[in-house]
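Colleague: I would like a close look at one part of this model, a place where two helices pack. Please start from a single residue there and work outwards.

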Amino acid sequence: MSPDQIPHLVDEIFDSSRLRPLVLVTTSRRNADLPLIGMPELATSLLGRADVALLSGPAAAWALDARLPEKWHTFGGSVRIFFADASRTDPEHRHPSVDIFPGREAEAIRYITTKIHSVPAVWTIDSGGSPEASAPNQQLNKENQQLVTQLNAAKQELVAARRDKRELQARVAQLTGTGPDPLSALPPSVYADAKQQLRYEIDQIWLWRYPEAERAAWPLRPYRFGPDWLAYFTGIRPAQRRDILDIVTDVLTGRAAEVAGRQVRPHRTRADGSAPQRVREDGATAWRCNIKTNSPAAPRMTWWKLRDGSLELGRISIHDDTRLR
C-alpha cells in the first residue's frame with residue numbers, strides 16, 4: 001500500500017459499516033523492507049475472520065500516522081488490529097498494536113488470532129461472503145474488555161519494570177566507571193553549528209534511552225526546528241538541557257502521550273478548554289506538553305504537527321506564555 005492509498009485506508013478504518021476487524025501489517029527496514037511476520041501464516045490462522053492489509057515503507061507509515069489519532073502508531077514491522085466501529089475518540093488500547101520480535105513470530109500470530117477470535121463473528125468464510133445475523137453477547141464483550149484492560153495494565157507494569165532495570169544498570173555503570181550515565185549525560189560537543197549539535201544530541205539520547213528492541217516501535221519521526229526553538233538552548237545548564245532533550249525524544253517518538261505527567265494536549269487559541277486548537281495556514285496543528293508540573297511558572301513545550309506527520313519544534317516557554325509561530 002503506497003502513500004496515495006492512505007486516504008482510502010483511513011476511510012476503511014473508520015467506515016461505520018465495516019463488519020470485520022482489519023489487521024494492518026507494516027514492513028521493516030531491518031528485514032529488507034519486508035514484513036517481520038509471515039503473511040500467509042497470518043491469513044491462514046485468521047480463518048477469514050478479519051481482513052489483512054500490508055502497509056509498505058516508511059513514507060506510507062508516516063502518511064497514515066498523520067491522519068490517525070496521536071497514539072495510534074504503526075511502524076517498523078509492527079501490526080495493529082483495527083476492530084469494527086472504530087472511532088477517533090477510542091482509547092488506543094481498543095485497537096492494539098503488536099510488536100514482532102525475531103524468533104517469536106508464531107507467538108505474535110497466536111496473540112493476534114486470539115484477539116480476533118475473542119469478538120463475536122459477524123462474517124465467516126463458510127457464509128459465502130454474506131453477513132450473518134448474530135446476537136450480541138454483552139457478557140462476553142464485557143469480560144473481553146476486562147481482559148484487555150488487565151493486559152494493558154500488565155504491559156505498562158512491564159515497561160516500567162524495564163525502565164527501572166535500565167536506570168539501575170545506568171547507576172551501576174556510573175558508580176563503577178564502566179560507561180556513561182545515559183540518564184544524565186550529554187553527548188560530547190562535536191559540531192560548531194548549534195543546529196547540527198542539537199540534532200546530534202537528539203539522535204544520541206534516543207539511542208541511549210530506547211533499547212534496540214524498542215526502536216522499531218518508537219522511531220524518531222522526521223522533524224525540523226521552528227524559528228524560536230534554538231534560542232532557548234543558549235546558555236542553559238547541561239542538566240537542564242538534558243532534561244529537555246529527554247522530553248523532546250519522547251515527543252518525537254510519540255511516547256510522551258503515554259506519560260501522564262507530560263499531559264500532551266492541543267495548544268488552543270486561548271486559555272480556555274473549550275477553545276479550538278490552533279491551526280496554521282499550512283494545515284499544521286499546534287500541540288503542547290508539560291516540562292514540569294505543580295511548580296510556579298512551570299515551563300511548557302509547544303510544537304506543530306505537520307500534515308505529512310512530521311513535527312516542527314516550536315518553543316520552550318513558561319506556563320502563561322502561549323506564543324507560537
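Modeller: This is a predicted model. Trp 208 has a relative accessibility of 28%, so Trp 208 counts as partly exposed, the partly exposed class running between under 20% for buried and over 50% for exposed. Trp 208 sits in helix 6. Its C-alpha atom is 9.9 Å from that of Pro 187, a residue 21 positions away along the chain.

Helix 6 covers residues 194–209, and its axis comes within 9 Å of the axis of helix 8, residues 238–253. Two packed helices are described by the angle between their axes and by the distance between the axes. The crossing angle here is roughly 75°. Because angles of 65 to 115 degrees count as roughly perpendicular, helix 6 is roughly perpendicular to helix 8.

Trp 208 is one of the residues that make this contact. On the helix 6 side, Gln 197, Leu 198, Glu 201, Ile 202, Ile 205, Trp 206 and Arg 209 take part as well. Helix 8 contributes Arg 241, Arg 242, Leu 245, Asp 246, Val 248, Thr 249, Asp 250, Leu 252 and Thr 253. Sorted by class, the contact between the two helices has eight nonpolar, three polar and six charged residues.

Beyond the helix pair, there is empty space to consider. Rolling a probe the size of a water molecule over the atoms shows where such space is left. The structure holds three cavities of 30 Å³ or more, and the largest cavity has a volume of about 70 Å³. Its lining includes Ala 213, Ala 216 and Ala 217, together with Arg 30, Leu 36, Asp 99, Ile 100 and Phe 101. Gly 76, Gly 77 and Ser 78 also line the largest cavity. By class, that lining has six nonpolar, three polar and two charged residues.

For a buried stretch to set beside the partly exposed Trp 208, take helix 3, residues 58–67. The buried residues of helix 3 are Ala 60, Ala 61, Trp 62, Ala 63, Leu 64 and Asp 65. Among the elements that cover these buried residues are helix 1, strand 1, strand 3 and strand 9.

Strand 3 also bounds a loop that starts after helix 2, and Leu 47 is found in that loop. Leu 47 has a positive phi of about 55°, although Leu 47 is not a glycine. With 49% relative accessibility, Leu 47 counts as partly exposed.

Key
Residues numbered from 1 in each chain as written. Predicted model: local features only at pLDDT ≥ 70, side-chain atom pairs only at ≥ 80, totals over all residues. Heavy atoms only, no water. Axes fitted to C-alpha atoms, helices over the stretch in contact; angles between N-to-C directions. Helix = DSSP H or I, 4+ residues; strand = E, 2+ residues; numbered from the N terminus. Parallel < 35°, antiparallel > 145°, perpendicular 65-115°, else oblique. Contact = heavy atoms within 4.5 Å. Nonpolar A, V, L, I, M, F, W, Y, C, P; charged D, E, K, R; others polar. Buried < 20%, exposed > 50% of the residue type's maximum accessible area, 1.4 Å probe, protein only. 1 Å grid on protein atoms, 1.4 Å probe; cavity = no way out; pocket = protein on both sides within 12 Å on 5 of 7 lines; lining within 4 Å. Points joined across faces, edges and corners; volume = space filled by probe spheres on them.
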